[in-house]
Amino acid sequence: MNGWKNKLNTFLSDFEYADDIVGVLVCGSYITGNPTSHSDLDVHIILDNSVKYRERGNKIVDGLLIEYFANPPNQILKYFEEDFQEKSLMCQTQFATGKIMLDKTGDTEALKKKAHKMISDFYATEKNDMSELDKYFLWDMLDDLQDAHENQRADFDLLYFTRLNMLLEKYMNVINLPYNCKSIYGNITDSVVREKYLLRELSDETIKSMITNSITATSKDDKMDAYEKLTTKILNQAGGFNIDGFKLKSNIID
């Protein structure tokens, strides 16, 4: 699997803005382990802070797809902040788990250290309360899905997984864990996945079991039952919700 290094060097030698490169960090499964035939090589190209551009793209080198992100350090720090505010740690995790291949100025190592600190700060944040509007949103999704199930709509499965994704995202936001639909099942079932993506394991065994059942259910009846139980459990943990009497008053927008 180390053949990727030669292919990376070939790519970098032909890179249009090679003179602006001050650092290179490689991340993804070629670094964290278990790449597959569909894995690409994720490369962060650190540009000098004086440049006024950024670029992302893809290039196939000797059969290897290289996905690259070229940014100056200040732009990468903005991505860090955006991810942090959006309850995501995608960019930080890439840098924290990535391998530095070049660091002319020390900026790449500084970004790696910053990523580790932001991940630590994220998990140190207190859990979030679920607003009444959020509770209504979960209730409304459940009601819509129940209607689709009872009327045997052909698009039930599409609606089911769309709403399950939103339900899980909302729950992970409340308990202050980063959410990615590609890793949520691995987070619950596989310590290797948690280590690979620097994920904290869900502590609630009941919720873990309910999420697993929701993801793996096959029949429409089982999916509906799993979704109802999971939604009810999350709402009860948040203090409960009653649609009768729900109202929300706020100021109008000027």
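Buried means under 20% relative accessible area, exposed over 50%, and partly exposed in between, with a 1.4 Å probe and protein chains only. The structure is a predicted model, in which local features need pLDDT of at least 70 and side-chain atom pairs count only at pLDDT 80 or more, while totals for chains, interfaces and linings use all residues. Residues are numbered from 1 along each chain as its sequence is written, and side-chain values use heavy atoms, with hydrogens and water left out.

**Exercise 1. The chain as a whole**

Task: State what percentage of the residues in the chain is buried, and describe the secondary structure and the charged side chains.

Solution.
Step 1. Of the 254 residues in the chain, 42% are buried.
Step 2. The chain contains eleven helices and five strands; helices (H or I, at least four residues) and strands (E, at least two) are DSSP runs, numbered from the N terminus.
Step 3. Along the principal axes, the C-alpha atoms fill a box of roughly 65 × 45 × 35 Å.
Step 4. A contact is defined by heavy atoms within 4.5 Å. Of the contacts between residues at least 6 apart in sequence, 64% join residues at least 24 apart.
Step 5. There are 30 positive and 41 negative side chains, and the centres of the two sets lie 4 Å apart. Here Lys and Arg count as positive and Asp and Glu as negative, with His and the chain ends not counted; the place of a charge is NZ of Lys, CZ of Arg, CG of Asp or CD of Glu.

**Exercise 2. The nonpolar cores**

Task: Determine which residues of the largest nonpolar core touch the most other members, and which helix gives the most to this core.

Solution.
Step 1. A nonpolar core is a set of buried Ala, Val, Leu, Ile, Met, Phe, Trp, Tyr and Cys residues joined through side-chain atoms within 4.5 Å.
Step 2. The largest such core has 47 residues, and F95, Y227 and L230 touch the most other members.
Step 3. Helix 7 (residues 156-174) is the main contributor to this core, with nine residues.
Step 4. Beyond its neighbours within four places in sequence, Y227 is in contact with M141, L142, L145, Y160, R163, L164, L167 and S214.
Step 5. A second, separate core has 19 residues, including F11, V51, V61 and A70.

**Exercise 3. The two faces of helix 1**

Task: Explain why the buried residues of helix 1 lie on the same side, and identify what covers them.

Solution.
Step 1. Helix 1 (residues 3-13) has W4, L8, F11 and L12 buried.
Step 2. These residues lie on the same side of helix 1 because they cover an arc of only 95° around the axis, the arc being that of the directions from the helix axis to the C-beta atoms.
Step 3. On the face turned away from the buried side are the exposed residues N6 and S13.
Step 4. The cover over the buried residues includes strand 1 (21-27), helix 2 (29-32), strand 2 (41-47), strand 3 (55-61), strand 4 (64-71) and strand 5 (99-103).

**Exercise 4. Two residues of helix 11**

Task: Establish whether T231 is buried or exposed, and which residues I234 touches.

Solution.
Step 1. T231 is located in helix 11 (residues 220-237), and its relative accessible area of 0% makes T231 buried.
Step 2. Residues up to four places away in sequence aside, T231 touches L138, L142 and L167.
Step 3. I234 is also in helix 11, and is buried at 2% relative accessibility.
Step 4. Not counting residues up to four places away in sequence, I234 touches M130, L138, L167, Y171 and I207.
Step 5. I234 and L138 are 96 residues apart along the chain, and 9.1 Å separates their C-alpha atoms.

**Exercise 5. Positive phi angles in loops**

Task: For K87 and N176, give the phi angle, the loop and the burial class.

Solution.
Step 1. K87, although not a glycine, has a positive phi of about 60°. The loop between helix 3 (73-85) and helix 4 (90-97) holds K87, which is partly exposed at a relative accessible area of 21%.
Step 2. N176, likewise not a glycine, has a positive phi of about 60°. The loop between helix 7 and helix 8 (184-189) holds N176, which is buried at 4% relative accessibility.
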